[in-house]
There are 2 protein chains.
Amino acid sequence: MMNSTLSGGKLSSFDDLIARFKAMTTKRRVVVVCPTDEPTRAVVEQCAAEGSAEFLLTVEAEHADSVRELASRHPGIEVFVADDIDGAATLGVKLVREGRGDVLMKGGINTDKLLRPVLNKEYGLLPQGEVLTHITLTKVPAYPNMLLFTDAAVIPAPNAEQLRAMVRYTVEAEHRLGNPCPRVALIHFTEKINPKFEYTLAYDEIMKEAAEGVYGECVVGGPMDVKTACDHHSAEIKGIDSPVAGKADVLIFPILTAANTFYKTVSFFCDAPMAGVLRGTTAPVVIPSRADHDNSKLYSLALACLL
Amino acid sequence: MMNSTLSGGKLSSFDDLIARFKAMTTKRRVVVVCPTDEPTRAVVEQCAAEGSAEFLLTVEAEHADSVRELASRHPGIEVFVADDIDGAATLGVKLVREGRGDVLMKGGINTDKLLRPVLNKEYGLLPQGEVLTHITLTKVPAYPNMLLFTDAAVIPAPNAEQLRAMVRYTVEAEHRLGNPCPRVALIHFTEKINPKFEYTLAYDEIMKEAAEGVYGECVVGGPMDVKTACDHHSAEIKGIDSPVAGKADVLIFPILTAANTFYKTVSFFCDAPMAGVLRGTTAPVVIPSRADHDNSKLYSLALACLL
């Protein structure tokens, strides 16, 4: 799914993300499971009307009529009807598995119900040995770079292997979004590798691997805190001489509660928009949260299509 | 150390904190260990000149002259000279232990060097059985309440007993700062008590104890995320009906990395000032960080004096 339309360099804003999404020469085919809630329907209608993506909608029989009605008003929308919500979820996953869809998106269905078929070993979307994780893209007014961070949604307490996968997925995503050499900050409250804090040992290994080129073109630094990662002044005061400090593009958090705290804090206190997507799966899966910013669904969909 | 001058109700801002500090009828006696760095000297001079506190300065012999010179320019400053930095730290702790000082403050000395005598079992400031923790006060422009949170500095992974102590200390601090019934949010990425996440079990116990009055006048709610704690809109969408949601005065984080992430994120991205102080000790101990906001030392000192 490398995208040849990305010639704009590093993403600068969500407006930039949307502009690139609209400009994609090969339209992505998005499978939406149960587009029965108003916010999901609105995003599908907008993107279909603008022609920025094609849609395959799966829906339970009970709501088939209203979804067919939506589809009739725009070109590039197909509707697939299942008996019930679980059937619509399985159908959606299978459409992606069979290559008929490029992206899977959650509509008016419980996240657990959608994840069950996604994780199914026979017909699901997670290859054996891959790590399911969640990456979030945000832009905070006080910082020039867009920030990609993980994991605010899936892995409560990642182990070293899972942290490695997070670095791999985020670096890959940055490359696809036009950043040739992302700067990745491994977040911790301490700045030293210390056996007392096991995450810092995993960080040490990851940094060595990154220096050997395991993750492709990128610079990985840490452990460092969020402020040091984004504020060169703070890094200078602390005497931290890392090419990542003050310039991070990616934040890897060692534990979900910390990533979630970052997510919720910049979302509420800085009014920062968010785009989120599951990775590790063969196709990006979009699982917006109810309490997100208004534009979050559209931004998440655009991000998923550009990956 | 209950303070009878607090009649202004809940703190509204750092300006309010400083106004109350200056208006204290009984001046606090602040022991400063090694006021040899410029930022510490500036705070001592300002408070001494304004008469908002009295000072006992301990210093290593090498820098005694410059500290004596500082003291000579203001009333209400005493100087105590020790052989070396470790001696100055021990002397400072003993002055507080003997009741000659009400607050201990770190100057140009390494935090570890100051904490060693603070934690000394014979002449230190931590009674047996008490939990040493760190509380931080901040004000983020987007939220009307000042927020007191813990622990961004001392306990990497608190157990249930340590979380209890954090609730006790923060509620106590809120009372002393004029908030008759603080709303305490127990932070987690989940909203349900779940044996899979051990912190939520501790939270469950703490909420039951709070309802029984164990922590005095307060309302404790959770688990909830930072946004739910501070944004009633987010709480409504999620259907969370807690008197704490959207109105928190206190945030208890389950793990240091999350509290540190909150601290660094609002500090850098929201330019939020911070005041921090150690609790569990018989007297508040002020340990400013080098990378803090300019006013952080003064705010921390004011907070310590008001506790």
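Let me begin inside chain B, where Arg164(B) is buried and Glu209(B) is buried as well. The side chains of these two residues, Arg164(B) and Glu209(B), meet in a salt bridge, with 2.8 Å from N to O. Arg164(B) belongs to helix H6 (residues 160-176) of chain B and Glu209(B) to helix H7 (residues 198-211) of chain B, so the salt bridge ties together parts that lie 45 residues apart in sequence. In chain A, salt bridges with shared partners join Glu161(A), Arg164(A), Glu205(A) and Glu209(A) into one network. I should say at this point that what we are looking at is a predicted model.

Over all chains, a search of the whole structure finds 36 salt bridges, and I would like to pick out two more within chain A. One of them is formed by the side chains of Asp249(A) and Lys10(A), at 2.8 Å from N to O, and it links distant parts of the chain, since Asp249(A) sits in the loop between H9 and strand E9 (250-252) of chain A while Lys10(A) sits in the segment before helix H1 (14-22), 239 residues apart. Of these partners, Asp249(A) is buried, with a relative accessible area of 2%, whereas Lys10(A) is partly exposed, at 36%. The other salt bridge brings together the side chains of Asp225(A) and Lys238(A), at 3.0 Å from N to O, and both of these residues are buried.

Asp225(A) also takes us to the other chain, for it forms a salt bridge with Lys264(B), in which the closest N and O atoms are 3.5 Å apart. Between chain A and chain B the count is two salt bridges. How many residues of each chain are in contact across this interface? There are 35 residues of chain A in contact with 35 residues of chain B. The area buried between the two chains is about 3,200 Å², and carbon and sulfur atoms give 74% of it. On the side of chain A, Lys227(A), Phe268(A) and Phe269(A) lose the most area to chain B, together 22% of what that side buries.

Let me close with the aromatic residues, of which the structure holds 20 pairs over all chains. Phe189(B) and Phe197(B) make one such pair, edge-to-face, with 5.0 Å from centre to centre and 75 degrees between the planes; Phe197(B) counts as buried, at 14% relative accessibility. One aromatic cluster takes residues from both chains, among them Tyr143(A), Phe262(A), Phe268(B) and Phe269(B). Finally, the charged end of Lys94(A) sits over the ring of Tyr123(A), 4.7 Å from its centre.

Terms used:
Residues are numbered from 1 along each chain as its sequence is written. Chains are lettered from A and ligands numbered from 1 in the order in which they are written. This is a predicted model: local features need pLDDT of at least 70, side-chain atom pairs count only at pLDDT 80 or more; totals for chains, interfaces and linings use all residues. Side-chain values use heavy atoms; hydrogens and water are left out. Rings of Phe, Tyr and Trp (its six-membered ring) pair if their centres lie within 6.5 Å; planes under 30 degrees apart count as stacked, over 60 as edge-to-face and the rest as tilted. Buried means under 20% relative accessible area, exposed over 50%, partly exposed in between (1.4 Å probe, protein chains only). A charge sits over a ring if NZ of Lys or CZ of Arg is within 6 Å of the ring centre and within 35 degrees of the ring normal. Contact means heavy atoms within 4.5 Å. Buried area is the accessible area (1.4 Å probe) that two parts lose on being put together, summed over both. A salt bridge is a side-chain nitrogen of Lys or Arg within 4 Å of a carboxyl oxygen of Asp or Glu. Helices (H or I, at least four residues) and strands (E, at least two) are DSSP runs, numbered from the N terminus.
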